[in-house]
Amino acid sequence: MTGGLSWNLILDVRELLSFHFMLNALRAGTIVAVVSGVIGYFMVLRRETFAGHTLSVIGFPGAAAAFWLGVNAAVGYFGVCVAAALVIAGLPGTGRATGRGSGSAAIGTVQGFALACGFLFISLTQSFSGELNGLLFGVIIGVTDDQVLVLLCSGLICLLVLAVIARPLLFVSVDAEVARARGLRPRLLAAVFLVLLGVSVAATSQITGSLLVFALLVAPAAAAARLTARPGLGMLLSVGIALLITWLGEGIAFFSPYPIGFWVTTVAFAIFLLAAGYRAAADRLGRRGTVGTPA
């Protein structure tokens with residue numbers, strides 16, 4: 001975007017913040033990071049990463065269809081992702097927080113059909129190549145004031161709904177059978193969560209692009225899960241890591257000719273490796289301490 005980073009970090013940050021499109025990118029990225037950090041933590045806890053991956057893939061055909069119809073890409077992202085979440089929630093075997101078995105097969109079938117529709121919309125659209133890179137990998141200059149407002153409203157709705165269902169959803173995610181015996185409805189909670197996941201995927205796709213949406217949904221939560229087993233602290237760490245990934249990714253992308261999605265994903269992967277390395281080292285030290293302790 002510019003001549004590159006200098007040795008004066010303060011001047012670089014001032015330059016970055018002097019552009020309105022970068023302020024919008026940071027505002028939108030902050031909203032998306034907070035929502036993705038919380039939703040992603042539950043997604044990892046419930047072992048529904050395959051469903052999240054499918055929704056992220058489905059986001060691209062939705063955006064392509066919106067482009068073909070001449071409407072805002074956000075309409076395609078949100079409309080198709082929410083509709084797909086409802087379809088997945090209604091499939092047999094998808095009400096469990098396992099991500100295995102017949103549910104995964106059914107979700108994979110939905111993903112395949114969505115990709116076929118995406119190919120169709122691409123073939124029907126003329127002069128689509130200029131938009132393709134942004135839809136797939138994100139574009140830092142494409143966030144408008146209206147998009148920030150839409151992301152803020154959708155993010156607040158997601159967080160408010162999740163705050164209402166968080167405790168029963170956590171209970172169901174840990175032990176669905178006991179939760180059902182206590183009068184909770186695991187399948188209904190699973191459906192509500194999938195819709196929230198669809199909204200989160202649609203919002204994140206507008207920052208990272210459809211193919212790299214998992215960088216903000218999975219990596220922060222996966223890293224947080226390796227740092228602590230406490231749900232409350234884990235969600236806070238997931239949000240903090242997501243914010244760090246977003247801000248660093250957007251900042252580096254501003255001074256780089258490469259797409260924002262690449263940098264966000266690279267930073268996310270690096271942080272995950274650090275968390276995984278820490279967990280492995282801590283487990284090894286713990287085992288050594290146990291072996292060395294006298295009976």
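How many cavities of 30 Å³ or more does the count give? I looked this up at the outset, and the count comes to 2 cavities. I note that the model I am reading is a predicted one.

**Entry: the chain as a whole**

I began with the secondary structure. I found 13 helices and 0 strands in the chain. Reading from the N terminus, I wrote the order of elements down as α-α-α-α-α-α-α-α-α-α-α-α-α. I then turned to burial and contacts. The chain has 295 residues, and 46% of them count as buried. Among the contacts with a separation of 6 or more, I noted that 77% join residues 24 or more positions apart.

**Entry: the second largest cavity**

I next examined the second largest cavity, whose space is about 30 Å³. Which residues line the second largest cavity? I listed Ile31, Val32, Val35, Leu151, Ser154, Gly155, Cys158, Val199, Ser200 and Ala203. I asked which helices supply at least two residues each to this lining. They are helix 2 (20–45), helix 7 (145–174) and helix 9 (186–208). Helix 7 gives the largest share, with 4 residues. By residue class, I recorded 7 nonpolar, 3 polar and no charged residues in the lining.

**Entry: Ser36**

I stayed with helix 2, where Ser36 lies. Is Ser36 buried or exposed? Ser36 counts as buried because its relative accessibility is 1%, and the cut-off for buried is under 20%. Leaving out residues up to four places away in sequence, I found that Ser36 touches Tyr41, Ser200, Thr204, Leu216 and Leu217. Of these, Ser200 appears again in the lining of the second largest cavity.

**Entry: Arg47**

I followed the chain to the loop between helix 2 and helix 3 (49–69), where Arg47 is found. I recorded a phi near 60 degrees for Arg47, a positive value in a residue other than glycine. I kept this entry because most residues other than glycine have a negative phi.

**Entry: Ala73 and Ala63**

I looked up Ala73, which is found in helix 4 (residues 73–90). Ala73 has a relative accessibility of 26% and therefore counts as partly exposed. I noted that Ala73 and Ala63 are 10 residues apart in sequence, with 4.8 Å between their C-alpha atoms.

**Entry: Ile107 and Ala89**

In helix 5 (residues 102–124) I located Ile107. Its relative accessibility is 8%, so Ile107 counts as buried. From Ile107 to Ala89 I recorded 18 residues in sequence and 9.5 Å in space, C-alpha to C-alpha.

**Entry: the cysteines**

How many disulfides does the count give? The count comes to 0 disulfides. I also compared two cysteines by their accessibility. Cys81 counts as buried, with a relative accessibility of 0%. Cys153 is partly exposed, with a relative accessible area of 41%.

**Entry: Ala222**

I moved on to helix 11 (residues 219–227), in which Ala222 lies. Ala222 is buried because its relative accessible area is 10%. What does Ala222 contact beyond its neighbours within four places in sequence? I found contacts with Val44 and Phe272. I also recorded the separation of Ala222 from Met43: 179 residues in sequence and 9.8 Å in space, C-alpha to C-alpha.

**Entry: Phe254 and Ser256**

My last entry concerns two residues in the later part of the numbering. Phe254 is found in helix 12. Its relative accessible area is 1%, and Phe254 is therefore buried. I found 9.9 Å between the C-alpha atoms of Phe254 and Glu15, although these residues are 239 positions apart along the chain.

Where does Ser256 lie? I placed Ser256 in the loop between helix 12 (231–254) and helix 13 (260–292). Ser256 is buried as well, with a relative accessible area of 6%. I also noted a polar contact of 3.0 Å that joins the side chain of Ser256 to the side chain of Trp263.

Technical notes
Residues numbered from 1 in each chain as written. Predicted model: local features only at pLDDT ≥ 70, side-chain atom pairs only at ≥ 80, totals over all residues. Heavy atoms only, no water. 1 Å grid on protein atoms, 1.4 Å probe; cavity = no way out; pocket = protein on both sides within 12 Å on 5 of 7 lines; lining within 4 Å. Points joined across faces, edges and corners; volume = space filled by probe spheres on them. Nonpolar A, V, L, I, M, F, W, Y, C, P; charged D, E, K, R; others polar. Buried < 20%, exposed > 50% of the residue type's maximum accessible area, 1.4 Å probe, protein only. Polar contact = N/O pair within 3.5 Å; in protein donor to acceptor, adjacent residues only side chain to side chain. Contact = heavy atoms within 4.5 Å. Disulfide = S-S within 2.5 Å.
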